[in-house]
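Q: Could you walk me through the labels on this model and say what stands behind each one?

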Amino acid sequence: MAKYIVVGSGFCGSVIARLIAEKLGGEVTLLERRNHIAGNMFDKTDENGILVQRYGPHAFHTNSERVYQFLFRYGEWTPYKLTCKSDIRGRQLPMPFNFEAVDFLYDPLKAAELKDAFSECYPGVEKKTILELLAA
């Protein structure tokens with residue numbers, strides 16, 4: 001009988017089970033109520049060879065090299081760069097909001113005024129989140 005039992009084979013359960021096995025050398029039983037592993041990250045290739053994300057789209061994001069190295073030990077990953085756009089007045093503009101959007105939304109003089117004010121308030125800063133601006 002296993003020394004450890006982990007319930008759920010999504011990201012959290014799978015990582016915990018793996019770390020217990022590696023770090024503690026324990027035998028782990030991983031319980032899952034679904035008929036597949038991977039939780040909501042489950043993918044399956046359909047009869048046409050198309051990879052289907054059964055529970056909706058998902059993408060991996062991290063700034064941690066440690067997390068990246070850990071996960072990439074266990075399989076092949078497809079590189080993907082997420083870009084987010086917003087439709088404003090019929091034009092696709094980048095999100096998060098940036099100077100391209102300012103140039104589109106305002107007349108040239110007002111746009112220049114806004115960009116100069118930002119540069120004056122935040123000298124040398126190329127990026128600020130909306131939450132950072134609201135908190136200032």
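A: Let's start with L131, which is exposed at a relative accessible area of 68%. Before going on: this is a predicted model, where local features need pLDDT of at least 70, side-chain atom pairs count only at pLDDT 80 or more, and totals for chains, interfaces and linings use all residues. Residues are numbered from 1 along each chain as its sequence is written, and side-chain values use heavy atoms, with hydrogens and water left out.

Q: Why is L131 called exposed?
A: The label goes by relative accessible area: under 20% is buried, over 50% is exposed, and in between is partly exposed (1.4 Å probe, protein chains only). L131 has 68%, so the exposed label fits.

Q: What makes the nonpolar surface patch that L131 belongs to?
A: F97, I130, L131, L133 and L134 make it, and the patch covers about 520 Å². A patch takes residues with over 30% relative accessible area and no salt bridge, joining nonpolar side chains (Val, Leu, Ile, Met, Phe, Trp, Tyr) within 5 Å and like charges within 9 Å. The areas come from the Shrake-Rupley method with a 1.4 Å probe, and for residues only the protein chains shown count as cover. L131 itself is found in helix α5 (residues 130-135); helices (H or I, at least four residues) and strands (E, at least two) are DSSP runs, numbered from the N terminus.

Q: Why is the F70 and Y74 pair called edge-to-face?
A: Rings of Phe, Tyr and Trp (its six-membered ring) pair if their centres lie within 6.5 Å; planes under 30 degrees apart are stacked, over 60 edge-to-face, and the rest tilted. F70 and Y74 sit 5.4 Å centre to centre with 65° between the planes, and that earns them the edge-to-face label. F70 is buried, because its relative accessibility is 17%, while Y74 is partly exposed at 39%.

Q: And what makes F118 and Y122 a tilted pair?
A: Their ring centres are 5.1 Å apart and the planes meet at 40°, so tilted is the word. Both F118 and Y122 are buried. Together with F99 they form one aromatic cluster. The structure holds four aromatic pairs.

Q: How do you know that R34 lies over the face of Y55?
A: A charge sits over a ring if NZ of Lys or CZ of Arg is within 6 Å of the ring centre and within 35 degrees of the ring normal. R34 lies over the face of Y55 at 4.3 Å from the ring centre.

Q: Why is R73 with E22 called a salt bridge?
A: The term asks for a side-chain nitrogen of Lys or Arg within 4 Å of a carboxyl oxygen of Asp or Glu. In R73 and E22 the closest N and O atoms are 3.2 Å apart, which meets that. This pair links distant parts of the chain: R73 is in the loop between α2 and β5, E22 is in helix α1 (residues 11-24), and they are 51 residues apart. R73 is partly exposed at 49%, and so is E22 at 34%. R18, E22 and R73 are linked in a network of salt bridges.

Q: How many salt bridges does a search of the whole structure find?
A: It finds five. Among them are R91 with E100 at 3.4 Å, N to O, and E113 with K110 at 3.5 Å, N to O. E113 and K110 are three residues apart in helix α4 (residues 108-121), so about one helical turn separates them. E113 is partly exposed at 48%, as is K110 at 33%.

Q: How many disulfides turn up, and what would count as one?
A: A search of the whole structure finds zero disulfides; one would be a pair of cysteine sulfur atoms within 2.5 Å. As for cysteines, C84 is partly exposed at 45%, whereas C121 counts as exposed at 57%.

Q: What makes the phi of A38 worth a look?
A: Most residues other than glycine have a negative phi. Phi of A38 is near 95°, a positive value. A38 lies in the loop between β2 (28-31) and β3 (43-45) and is partly exposed, because its relative accessible area is 25%. R89 also has a positive phi, near 55°. R89 is found in the loop between β5 and β6 (91-95), and at 63% it is exposed.
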